Amino acid sequence: MTLLADKQVPAPAARSRQRRSWRELLQPRYITLAVAALVVAYLALVPIGTMLYASLRSEFLGTTPGTWTFQHYADTFSAPGFGQLVLNSFLYAGATAVVCTVFGFGLAWLVVRTNTPAKGFARIAALVPLIVPGILNTVAWSLLLSPQRGPVNVLLRQGHLPIFNVYSLVGMVFVQSMHVIPVAYLMGTAAFTSMDSSLEEAALASGSSPVRTFRSITLRMARPAILSAILLMFIQTISTFEVPQLIGVPAHHYVFVSRIYSALQNFPPDYGTVGVLGVFVLVVACAGLLLAQRLGRASAVQTITGKGFRAQPQDLGRWRWAGLAAFLLFFLVAVALPIAMLIWSSLLPGYEQPSLSALRHLTFSNFEEIVRRPGLAQSVKNSLITAFASGFIVTVLTAFIAYITVKTKIRGRGLLDGLATVPIAVPSVVMGVGVLYWYLAAPLPVHLYGSLSILIVAFVTITLPYGMRYLAPGMSQIKDELEEAATASGASWLQAFWRVFIPLLMPSLLAAFLYTVIVSFREISAAIFLYTSGTEVVSVQVYDLYSNGSYPVVAALGVVMVVFLSVLAGAVRLISRRFGIKSG
Amino acid sequence: MIKLTGLTKRYPGRSVTANAVDGIDLEIPEGKLVTLLGPSGCGKTTTLRLIAGLERADRGVIEIGGQVVSDPEHRIFVGTHRRPIGIVFQSYAIWPHMTVIDNVMFPLRVNRPRPKKSAARETAMQALDLVGLADFAERPAPAQSGGQQQRVALARALVREPKVLLLDEPLSNLDKGLRGRMRDEIRAVQQRLGITTVFVTHDQDEALAVSDEVVVMNGGHVIEQGLPQAIYTYPQDMFTARFLGVSNSLDGVVDSVGPDGATVTLGSRSMVCRQSGTAQPGERVSVFMRPESFRLSRRQHSEDAWPGTIEFSIYHGDCWDYHVRLDDDLLKVRVYQEKVGLAHGDSIFLEPDPDSAIVISGDKQEAEQTPEEASPADAVARTR
């Protein structure tokens with residue numbers, strides 16, 4: 001690439017290095033790099049910095065000037081119940097992580113490594129986290145499993161079995177797992193697909209029994225992937241809002257996220273404590289992510305692929321029907337049940353047990369309510385605006401970043417890549433609080449707080465890494481020669497980018513755009529800290545309505561959300577398959 | 001030692017009419033190295049995997065050392081881990097999370113009765129010694145080069161002293177120079193141990209170099225089977241002939257059969273073929289000739305020489321390849337001692353060698369030419 005730059009500036013090699021580098025710096029590609037780096041750095045670092053600042057100041061957003069202090073840290077860590085809070089959080093996130101990884105990897109093994117007839121369910125399972133947002137999953141399960149009226153518990157009681165109270169630690173782990181297992185499943189699929197099955201066959205041919213082979217070869221080979229999946233599930237669980245708030249709080253089981261939320265709901269808000277808790281979660285998440293990356297690197301070294309590489313499915317014999325049963329069960333529990341519950345509740349004016357007699361009350365009035373209630377219609381509009389705006393901004397931004405990091409050898413591109421992935425390590429709750437702090441405190445000419453822009457800023461930051469995930473591989477699929485041919489035909493860099501890269505990238509761009517829209521649309525963990533009256537988005541509205549007890553309307557809104565997200569997710573899948581984009 | 005009877009394996013999944021392995025009968029004698037040779041998709045690897053028990057046959061019996069290990073009709077299937085085999089995969093399949101010695105010791109550690117660790121280690125060291133890797137025992141396995149991994153895989157396959165050694169294209173991932181060395185080494189080890197070995201390859205040179213016996217496969221069938229030199233010199237089948245690089249074929253009719261062989265009329269030409277097999281006068285046959293089995297000269301030395309013109313020439317350094325036009329036919333001729341190259345349009349005379357011409361009956365040709373068996377070699381031959 002730098003060679004190309006040489007061609008554009010026909011300078012003899014004898015000329016001084018300095019003069020050339022000055023001219024190079026003024027080229028559009030370097031200006032683009034600089035702008036992109038500044039924007040990304042602003043988005044990724046400023047909120048975290050502000051939160052750190054708040055945690056270290058005696059006064060934040062106060063009228064009196066403050067001083068630097070560690071007082072908040074000392075207060076928070078020594079407060080009664082802090083140990084319990086840490087324990088609760090780790091117990092909840094740890095248990096969820098292990099459960100998800102065991103089930104997710106188990107399902108992935110069945111799909112990738114055996115002849116279980118379940119490929120159709122596998123495809124659906126992969127889409128679940130996209131089409132059922134966490135908040136809806138939580139709402140649906142708390143309706144299904146509510147101790148008194150939840151239909152599952154009613155059935156259990158009729159069968160004289162002990163009921164399952166969702167408002168407990170086990171309930172929290174269960175509901176969160178239902179949402180996260182598909183993610184673990186996807187990670188497991190990746191791990192098992194990249195494993196050469198002749199490694200297992202060699203063990204069998206060495207006289208090792210199938211069980212022993214599974215234990216000492218398959219599991220051992222997948223160990224780095226398994227551990228890193230556990231860490232990632234842990235981070236995701238410890239940083240999301242809906243389950244701890246909707247299920248944990250009624251169960252009096254407080255974790256970091258719910259504590260942060262309640263500390264900000266108090267008046268006056270305890271900015272210092274929230275800052276400290278935010279930093280704490282951030283540190284935990286970063287440590288986990290670093291560890292996971294290391295494990296990932298270790299496992300990358302371990303995969304040897306030769307010419308004879310195959311991922312041969314293993315014949316389970318009659319056991320494959322048990323595998324199919326596992327899939328059916330998973331599909332029924334994780335996908336069908338919550339959605340059925342939402343649909344059922346959405347069609348009744350007030351909540352009723354599923355029964356034949358209740359069929360007489362079926363009505364579409366809840367859906368009419370969405371259109372009629374001004375707040376609801378407004379929230380749908382807000383969600384659409386913020387999601388599409390974030391999608392557009394992220395797509396354009398990551399297209400440039402991906403070009404710079406994948407296609408050029410400009411110095412500093414590594415830093416840019418690093419900055420763009422920082423938001424992965426920042427829990428959405430922390431991001432929400434950070435963005436909130438910055439726009440409350442920053443001496444900016446325009447006040448974003450109270451407008452939709454602040455939500456867009458947060459969504460853009462959170463979804464940056466997702467955009468990169470689609471565009472970086474898409475970009476590396478385009479051969480360098482294509483751009484070189486354009487330049488050799490006399491096109492400037494901008495022309496080459498616009499006329500060659502953008503058209504070829506279109507599928508990736510579209511997939512990245514839709515995916516970002518989906519992620520923004522279902523996002524609540526950051527949005528819950530950033531909305532004001534008039535700027536509620538749908539996910540926040542669902543939470544509000546649920547807290548007020550208007551379950552039927554929540555359900556109707558949920559159904560609309562699921563339909564909308566299904567269409568988008570289907571489009572992403574279609575595009576990815578059609579054009580062979582590898583994501584992840 | 002290994003006996004396959006009516007072995008059949010369908011393609012997995014969809015109902016494809018063709019079988020991956022279609023009723024193979026094969027006997028592999030004790031202590032011999034037998035090569036399964038054929039183009040990709042001919043069923044050779046599937047056959048090996050069936051012997052190993054990594055795939056289940058749909059029909060037919062597999063016996064190893066007199067014991068039936070697979071017989072679907074009688075619901076007999078001995079799992080891979082209970083068969084007396086050692087296997088080397090194309091990708092070596094060295095476990096990357098273990099050291100070299102741990103890899104080699106693994107078969108012993110899962111064996112029953114389990115030997116003591118020190119004893120197992122000693123046996124493993126002997127196996128490593130056999131392949132010349134004793135000094136590398138403590139290294140992590142992925143740190144080894146391709147050739148070394150190959151040797152580790154071989155040591156691992158042999159350490160249990162299996163009755164049968166199975167090699168699945170073991171040399172195809174190695175670069176050219178190393179391939180020859182490893183090939184010789186595998187043969188040396190096999191002969192020293194006298195272990196019954198099945199060697200799968202698509203490379204004819206490899207097959208000819210290492211085998212006691214070559215089994216040529218295509219379309220899930222055994223085409224023919226015999227000593228390497230017999231298969232190479234006088235293939236009995238068109239497919240074998242083409243697969244082994246006999247690129248010239250001329251169709252004709254047997255004129256007469258005498259003590260010197262058969263005289264075959266090939267259009268306006270005729271030639272004597274010493275190795276005519278069971279050819280009868282009046283029979284339609286194809287005569288196959290290797291590129292190097294012609295004498296090419298500018299002048300007519302004998303009555304048997306055919307006049308032709310050079311179509312084009314390719315220089316290889318140690319030899320020339322000429323494409324010679326004889327009326328409608330185009331023959332490939334390889335000449336070793338030619339100092340001066342001939343050019344397009346030069347008139348020459350070709351004298352076929354009666355000893356190396358191969359006569360294959362035309363009836364057999366029809367029988368073998370079913371569409372699904374058309375290999376690239378066939379396609380090339382047919383365009384002529």
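Begin by selecting Ala326 of chain A: this residue counts as partly exposed because it has 17 C-beta neighbours inside 10 Å, short of the 20 or more that a buried residue requires. The model on display is a predicted one. Ala326(A) belongs to helix α15 of chain A, which covers residues 319-346. Next, add Thr116(A) to the selection; its C-alpha atom is separated by 9.9 Å from that of Ala326(A), although the two residues are 210 residues apart along the chain.

**Chain A as a whole**

Widen the selection to the whole of chain A. A display by secondary structure shows 25 helices and 0 strands. Along its principal axes, the C-alpha trace of this chain spans about 90 × 75 × 50 Å. Its radius of gyration is 26 Å, which agrees with the value near 25 Å for a compact globule of 584 residues. Of the 584 residues in chain A, 48% are buried. Contacts in chain A may also be sorted by separation in sequence: among those between residues at least 6 apart, 78% join residues at least 24 apart.

**Helix α19 of chain A**

Now select residues 428-441 of chain A, which form helix α19. This helix has 14 residues and reaches 20 Å from its first C-alpha to its last, close to the 20 Å expected at 1.5 Å a residue. Is α19(A) mostly covered or mostly open? The helix is mostly covered, with 12 of its 14 residues buried. Among the buried residues to label are Ser428(A), Met431(A), Gly434(A), Leu436(A) and Trp438(A).

**Where chain A touches chain B**

Show both chains together. In the contact region, 24 residues of chain A are in contact with 26 residues of chain B. To find the chain A side, select α10 (198-205), α11 (210-238) and α14 (271-302), the elements of chain A that give two or more residues to it. The largest share, 7 residues, comes from α10(A). Colouring this side of chain A by residue class gives 10 nonpolar, 8 polar and 6 charged residues.

**The domains of chain B**

Turn to chain B and colour residues 2-233 and 248-383 separately; the domain assignment gives these as domain 1 and domain 2. The C-alpha centres of domain 1 and domain 2 of chain B lie 38 Å apart.

**Three hairpins of chain B**

Select strand β12 (residues 248-258) and strand β13 (residues 261-266) of chain B, which run antiparallel and are joined by 5 bridges. Val254(B) has Val264(B) in β13(B) as its bridge partner. A hairpin through 2 residues connects β12(B) to β13(B).

Extend the selection to strand β14 of chain B, residues 269-273, which pairs with β13(B) in the antiparallel sense over 5 bridges. Here Leu266(B) stands opposite Arg269(B) in β14(B). β13(B) and β14(B) likewise form a hairpin with 2 residues between them, and Gly267(B) in the turn has a positive phi of about 65 degrees.

For the last stop, select strand β18 (residues 320-326) and strand β19 (residues 329-335) of chain B; 7 bridges join these antiparallel strands. Within the pair, Val324(B) stands opposite Leu331(B) in β19(B). Which residue in the turn between β18(B) and β19(B) has a positive phi? Asp327(B) does, at about 50 degrees, in a hairpin with 2 residues between the strands.

Notes: Residues are numbered from 1 along each chain as its sequence is written. Chains are lettered from A and ligands numbered from 1 in the order in which they are written. This is a predicted model: local features need pLDDT of at least 70, side-chain atom pairs count only at pLDDT 80 or more; totals for chains, interfaces and linings use all residues. Two residues are in contact if their C-beta atoms, placed from the backbone, lie within 7 Å. Helices (H or I, at least four residues) and strands (E, at least two) are DSSP runs, numbered from the N terminus. Ala, Val, Leu, Ile, Met, Phe, Trp, Tyr, Cys and Pro count as nonpolar, Asp, Glu, Lys and Arg as charged, and the others, Gly among them, as polar. Domain bounds come from an automatic or database domain assignment. Two strands pair if DSSP finds at least two bridges between them. The expected span of a helix is 1.5 Å times one less than its number of residues. The radius of gyration is taken over C-alpha atoms; the globule rule is 2.2 Å times the number of residues to the power 0.38.
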